[in-house]
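Biologist: I am new to reading models like this one. Please choose a single part and take me through it slowly, explaining each term as you go.

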Amino acid sequence: MLAEQDDLASHTSSASTKLIHGGPALPRALRVRAGAQALAEREGLLRSAPHIMWPLRFVMPLDPDDPSLRPVWMIRAGLFLYDHLARREVLPGSRTVDLRSHPAGGPLNRRFRRGFIYSDGWVDDAAWWC
């Protein structure tokens, strides 16, 4: 017998980010081959299990007044690698946005004028058994 307070595995999985392969940090680690394989596997997972995995969009606001952050050109180059290390069929590519006019900028502090939007995969790992 298996007993769970709510849905099966709902509390066990709640501490996880539920992201598939972790986002744009992979190319930054300079493990290009491993990053490309992981990103290709992520696409395969998204195609094979759309009932528990789906695209998730992220907004990365840029703060032009913070000198401790990476330069915009470096972030853009990293996102370019992230977009092109593996063929994308499910996830949309990254893009630059004007946060003053884009809906994603609405809840942000007005000092964030520009940003990037990129995609990763999200999985409902508590529903894998369905």
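Modeller: Let's begin with a term: helices (H or I, at least four residues) and strands (E, at least two) are DSSP runs, numbered from the N terminus. This is a predicted model, where local features need pLDDT of at least 70 and side-chain atom pairs count only at pLDDT 80 or more, while totals for chains, interfaces and linings use all residues. Residues are numbered from 1 along each chain as its sequence is written, and side-chain values use heavy atoms, leaving out hydrogens and water.

Our starting point is Arg42, which sits in helix H2 (residues 32-48). To place that helix, note that the protein has three helices and four strands, following the pattern β-α-α-β-α-β-β along the sequence.

Is Arg42 buried or exposed? Buried means under 20% relative accessible area, exposed over 50%, and partly exposed in between (1.4 Å probe, protein chains only). Arg42 has a relative accessibility of 2%, so this residue counts as buried. Across the protein, buried residues make up 30% of the 130 residues.

What does the side chain of Arg42 touch? Its partner is the side chain of Tyr82, through a polar contact of 2.7 Å. A polar contact is a pair of N or O atoms within 3.5 Å; within protein, one must be able to donate a hydrogen and the other to accept it, and residues adjacent in sequence count only if both atoms are side-chain atoms.

Arg42 and Tyr82 also share a cavity, as both help to line the largest one. Rolling a probe the size of a water molecule over the atoms shows where empty space is left. On a 1 Å grid over the protein atoms alone, a cavity is a set of points where a 1.4 Å probe fits but cannot get out, and lining residues have an atom within 4 Å of a point. Grid points are joined across faces, edges and corners, and a volume is the space filled by probe spheres set on the points. Searching the whole structure turns up one cavity of 30 Å³ or more, and the largest cavity holds about 30 Å³ of space. Besides Arg42 and Tyr82, its lining includes Asp83, Arg88, Pro92, Tyr118 and Ser119. At least two lining residues come from each of H3 and E4. Helix H3 covers 72-84, and strand E4 covers residues 114-123. Sorted by class, the lining has four nonpolar, three polar and three charged residues. Here Ala, Val, Leu, Ile, Met, Phe, Trp, Tyr, Cys and Pro count as nonpolar, Asp, Glu, Lys and Arg as charged, and the others, Gly among them, as polar.

Now follow the aromatic rings. Tyr82, Tyr118 and Phe58 form one aromatic cluster. Rings of Phe, Tyr and Trp (its six-membered ring) pair if their centres lie within 6.5 Å; planes under 30 degrees apart count as stacked, over 60 as edge-to-face and the rest as tilted. That rule gives three aromatic pairs. In one of them, Trp54 and Trp122 have ring centres 4.9 Å apart and planes at 45°, so the pair is tilted. This pair bridges 68 residues of chain, from Trp54 in strand E2 (residues 53-62) to Trp122 in strand E4. Trp54 is partly exposed at 34% relative accessibility, and Trp122 is partly exposed at 21%. Phe58 and Tyr118 have ring centres 5.3 Å apart and planes at 20°, so this pair is stacked. Again E2 is linked to E4, with Phe58 and Tyr118 lying 60 residues apart along the chain. Phe58 is partly exposed at 24% relative accessibility, whereas Tyr118 counts as buried at 13%.

Finally, Tyr82 and Tyr118 belong to the largest nonpolar core, which has eight residues in all, including Leu39, Leu79 and Phe116. A nonpolar core is a set of buried Ala, Val, Leu, Ile, Met, Phe, Trp, Tyr and Cys residues joined through side-chain atoms within 4.5 Å. H3 and E4 are the elements that give two or more residues to this core, and H3 gives the most, with three. So that is our tour: Arg42 contacts Tyr82, Tyr82 shares an aromatic cluster with Phe58 and Tyr118, and both tyrosines, Tyr82 and Tyr118, help to make up the largest nonpolar core.

Key:
On a 1 Å grid over the protein atoms alone, a cavity is a set of points where a 1.4 Å probe fits but cannot get out, and a pocket is an open set with protein on both sides within 12 Å along at least five of seven lines; lining residues have an atom within 4 Å of a point.
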